[in-house]
Amino acid sequence: MLRGLLSIGCWLLAVGAQAHVQYYSPVDYQITLAGNFGEPRPNHFHGGLDIKTDNMEGKHIYSIGDGYVSRLTVGIDGFGNAVYVTHPEGYTSIYCHLKRFSPRLERLVHRTGKHDEKIDLRFSAIDLPVSQGQLIALSGNTGHSTGPHLHLEIHDTKTWDMMDPLDFLAPFVNDSVAPQAHSVMACPIEGEGVFNGGASKQTFGLSACPDYTAWGKVGFALWADDYMQGVYNHYGIRETILMVDDKEVFHSNVNRIPVYSNRQVNAWGDYDHWLHNKTWYMRSYIPEGVTLPILQADEQGGVVDFSEERPYQLCYILRDFMGNESRYEFIVRGEKSPIVRKSKKLMNACYDRLSLISLPGMQLTIPAGMMQGRMDVRPKVEQGRLSPRYTFVPQACPLFGWAELCIAVPQGVDTANLYIDSGGHDMGGTVADGWITTRIRELGAPYELKLRENKQ
């Protein structure tokens, strides 16, 4: 008993330490990556490293540090078979898509008596201690995995922020290749700026240096990838800096991302462009409503104000986690051009306040902090079978979190089988006082009432 109390006491003292932490490799060979931390993906950042296993299952997986197994899961969060190890330095490592656990952990899972079901087992600090380098599993391809590999995440145990594992494992990765930029997108601010005489977004390469012009406020976005030697994969950019006339106006450092900010990737990146072209242009300015702590900008939010008729020297600096760096310079001339001022519209939804959208028989409630910028939400109403079909905006528009949608229940409808449908997806719903209510995260999808079929 005393020994257990002493272990817990040492654990608590260690958690309070804030010194830099160095962990060891989860595999017994040189680490190469199929994916890195923070890669932009629809609705989320990639939360860890995808470590290659030679396209094979059954590679030994080791704990990266001392600690204890705090959780074992099967079929949860797309991780397949997963081991969580909590470390005394204040971090938790997660090993995912495993083929099987170590024999000791495997026995604990089998004791549940469950087969082909979700399993979620939790343990205390004294139940399953592990040492750095201890075998905990064999690699696999379970869960939401497109091929055998190890997905490794590291979280701040207290806040559950996602951390870049490369900050803990750099000595085990060989990377001397600098990031590479492919193209820049100029994004004139509506009603406040033009680029090359136009108000629409424009893309251009960086290999040539044509004559660009701008007037007023223009933001920029960058399509770029990182690389490593010896593999064909490409990765997200760890650090992006935009300089204008030797002054830093924007800086992103993708090293720590709060889980609750995951869906803001759709606003930092140009989500509409990704939908149509499957490439991510990441903005070098901060749109209204975006609160990602990995983004820093000047007083203009990273937007460049071309207010003088002169050449402006712009420079992108890209770095990876090893400090490999590339630079791309181009000149934009400030040249007076007419700017068509946008007409003033009543914006009934805004990022910084609660927004209510109502029609007879329908109400949408969007909490503050759930969206980018301001928009005019005018529902399109079509006739469905049980209720009208509502679409709130004409294009895809993912929210940062949940909004609440209420639709009136028609008289005489069997509410036991009633649900809100979104383009063939069952969104569920709770019926009360003549209304059915559910949560939604996409304003561009259609919503209507439907009945589930009775299965005999």
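**Exercise 1. Surroundings of Ala445**

Determine which residues Ala445 touches in this predicted model, leaving out residues up to four places away in sequence.

Solution.
- Step 1: place the residue. Ala445 sits in the loop between strand S35 (435–442) and S36.
- Step 2: list the contacts. With residues up to four places away in sequence not counted, Ala445 touches Tyr390, Thr391 and Ser422.
- Step 3: check one partner along the chain. Thr391 and Ala445 are 54 residues apart along the chain, and their C-alpha atoms are separated by 5.9 Å.
- Step 4: classify the accessibility. The relative accessibility of Ala445 is 15%, so Ala445 counts as buried, the cut-off being under 20%.

**Exercise 2. Strand order in a sheet**

State the order of the strands in the open sheet that contains S31, and identify the edge strands.

Solution.
- Step 1: write the order. The open sheet has 5 strands, arranged as S26-S27-S31-S35-S34, and the pairing is antiparallel.
- Step 2: find the edges. Strand S26 (355–359) and strand S34 (430–432) each pair on one side only, which makes them the edge strands.
- Step 3: add the twist. From one strand to the next, the twist averages 20°.
- Step 4: examine one pairing. Strand S27 (residues 362–366) and strand S31 (residues 398–408) run antiparallel and are joined by 4 bridges.
- Step 5: pick a residue pair. Leu364 has Leu405 in S31 as its bridge partner.

**Exercise 3. Salt bridges and exposure**

For the salt bridges Asp120 with Arg122, Asp161 with Arg256 and Asp421 with Lys450, give the N to O distance and the accessibility of each residue.

Solution.
- Step 1: recall the criterion. A side-chain nitrogen of Lys or Arg must lie within 4 Å of a carboxyl oxygen of Asp or Glu. The count by this rule is 25 salt bridges.
- Step 2: treat Asp120 and Arg122. Their side chains meet at 3.1 Å, N to O. Asp120 is partly exposed at a relative accessible area of 33%, while Arg122 is exposed at 56%.
- Step 3: treat Asp161 and Arg256. The closest N and O atoms are 2.9 Å apart. Asp161 lies in the loop between strand S12 (149–156) and strand S13 (162–163), and Arg256 lies in strand S19 (residues 256–257), so the pair ties together parts 95 residues apart in sequence. Asp161 counts as buried at 12% relative accessibility, and Arg256 is partly exposed at 29%.
- Step 4: treat Asp421 and Lys450. Here the closest N and O atoms are 3.7 Å apart. Asp421 belongs to strand S32 (residues 418–422) and Lys450 to strand S36 (residues 448–451), distant parts of the chain 29 residues apart. Asp421 is buried, with a relative accessible area of 3%, whereas Lys450 is partly exposed, with 32%.
- Step 5: look for shared partners. Glu239, Arg319, Glu325 and Arg327 are joined into one network by salt bridges that share partners.

**Exercise 4. Cysteines**

Give the number of disulfides in the whole structure, and explain why Cys187 has no bond to Cys397.

Solution.
- Step 1: report the search. Over the whole structure, 0 disulfides are found.
- Step 2: compare with the cut-off. The two sulfur atoms of a disulfide must be within 2.5 Å. The closest cysteine sulfur to that of Cys187 is in Cys397, at 17 Å, and is therefore too far for a bond.
- Step 3: add the accessibility. Cys187 is buried, with a relative accessible area of 4%. Cys315 is also buried, with 7%.

Methods
Residues are numbered from 1 along each chain as its sequence is written. This is a predicted model: local features need pLDDT of at least 70, side-chain atom pairs count only at pLDDT 80 or more; totals for chains, interfaces and linings use all residues. Side-chain values use heavy atoms; hydrogens and water are left out. Two strands pair if DSSP finds at least two bridges between them. Helices (H or I, at least four residues) and strands (E, at least two) are DSSP runs, numbered from the N terminus. Axes are lines fitted to C-alpha atoms, for helices over the stretch in contact, and angles run from 0 to 180 degrees between N-to-C directions. Buried means under 20% relative accessible area, exposed over 50%, partly exposed in between (1.4 Å probe, protein chains only). Contact means heavy atoms within 4.5 Å.
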